[in-house]
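Q: Could you take me through this structure step by step, showing how each kind of feature is read before turning to the case at hand?

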Amino acid sequence: MERWEYTTMKFKLKGLGGGKLDEEQFDVELNRLGNLGWELVNCFTVNEGHGSSRDAVAVFKRKR
């Protein structure tokens with residue numbers, strides 16, 4: 001039976017009202033975790049209210 005472990009990483013969104021992701025930093029972190037065996041399985045934003053988002057959360061998994 002395969003077993004998995006999971007981790008999450010939160011990225012602060014910039015700009016007035018949020019919503020702007022620093023794509024360079026995001027790529028750096030995705031590649032860093034990918035090199036450690038983590039696979040990105042989902043990414044979503046966390047709403048602050050009134051339609052704005054302040055954080056993006058990335059979920060990763062890898063075999064134990």
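Q: With which side chain does the side chain of D55 make a polar contact?
A: This is a predicted model, and within it the side chain of D55 makes a polar contact of 3.2 Å with the side chain of K12. Such a pair is accepted when the N or O atoms lie within 3.5 Å. D55 itself is found in strand 3.

Q: Is D55 buried or exposed, and which residues does D55 touch beyond its sequence neighbours?
A: Burial is read from the relative accessible area, with buried meaning under 20%. D55 counts as buried because its relative accessibility is 11%. Leaving aside residues up to four places away in sequence, D55 touches K10, F11, K12 and L13, and also F44, T45 and V46.

Q: Where does V46 lie, and is V46 buried, exposed or partly exposed?
A: V46 lies in strand 2, which covers residues 39–49. Its class is partly exposed, because the relative accessible area is 35% and that class falls between the 20% and 50% limits. Not counting residues up to four places away, V46 touches S53, R54, D55 and V57. A C-alpha distance gives another view of the pairing in space: V46 and A56 are 10 residues apart in sequence and 6.2 Å apart from C-alpha to C-alpha.

Q: What should I look for at S53, and which side chains make polar contacts with the side chain of S53?
A: Begin with its place, which is in strand 3, residues 52–63, and then consider its cover: S53 counts as buried because its relative accessibility is 11%. The side chain of S53 makes a polar contact of 3.1 Å with the side chain of N47, and a polar contact of 3.5 Å joins the side chains of S53 and T45.

Q: Where is G19 found, and is G19 buried or exposed?
A: G19 is found in the loop between strand 1 (4–12) and helix 1 (23–35). Here the reading goes the other way, since exposed means over 50%, and G19 is exposed because its relative accessible area is 57%. Exposure and contact are read separately: not counting residues up to four places away in sequence, G19 touches L13, K14 and S53. The C-alpha atoms of G19 and N47, although 28 residues apart along the chain, are separated by 9.6 Å.

Q: Moving from single residues to the whole chain, what pattern does the chain follow along the sequence?
A: The order of the elements is read from the N terminus, and here the chain follows the pattern β-α-β-β, with 1 helix and 3 strands. Residues 24 or more positions apart account for 58% of the contacts with a separation of 6 or more.

Q: What radius of gyration does the chain have, beside that of a compact globule of 64 residues?
A: A rule for compact globules serves as the reference, and it would give a radius near 11 Å for 64 residues, whereas the chain has 14 Å. The C-alpha trace can be considered alongside this value, spanning about 45 × 25 × 10 Å along its principal axes. Buried residues make up 25% of the 64 residues.

Q: How many positive and negative side chains does the chain have, and what part of the accessible surface belongs to carbon and sulfur atoms?
A: There are 11 positive and 10 negative side chains, and the centres of the two sets lie 6 Å apart. The accessible surface comes to about 4,900 Å², with 48% of it belonging to carbon and sulfur atoms.

Terms used. Residues are numbered from 1 along each chain as its sequence is written. This is a predicted model: local features need pLDDT of at least 70, side-chain atom pairs count only at pLDDT 80 or more; totals for chains, interfaces and linings use all residues. Side-chain values use heavy atoms; hydrogens and water are left out. Helices (H or I, at least four residues) and strands (E, at least two) are DSSP runs, numbered from the N terminus. The radius of gyration is taken over C-alpha atoms; the globule rule is 2.2 Å times the number of residues to the power 0.38. Buried means under 20% relative accessible area, exposed over 50%, partly exposed in between (1.4 Å probe, protein chains only). Contact means heavy atoms within 4.5 Å. Accessible areas come from the Shrake-Rupley method with a 1.4 Å probe; for residues, only the protein chains shown count as cover. Lys and Arg count as positive and Asp and Glu as negative; His and the chain ends are not counted. The place of a charge is taken as NZ of Lys, CZ of Arg, CG of Asp or CD of Glu. A polar contact is a pair of N or O atoms within 3.5 Å; within protein, one must be able to donate a hydrogen and the other to accept it, and residues adjacent in sequence count only if both atoms are side-chain atoms.
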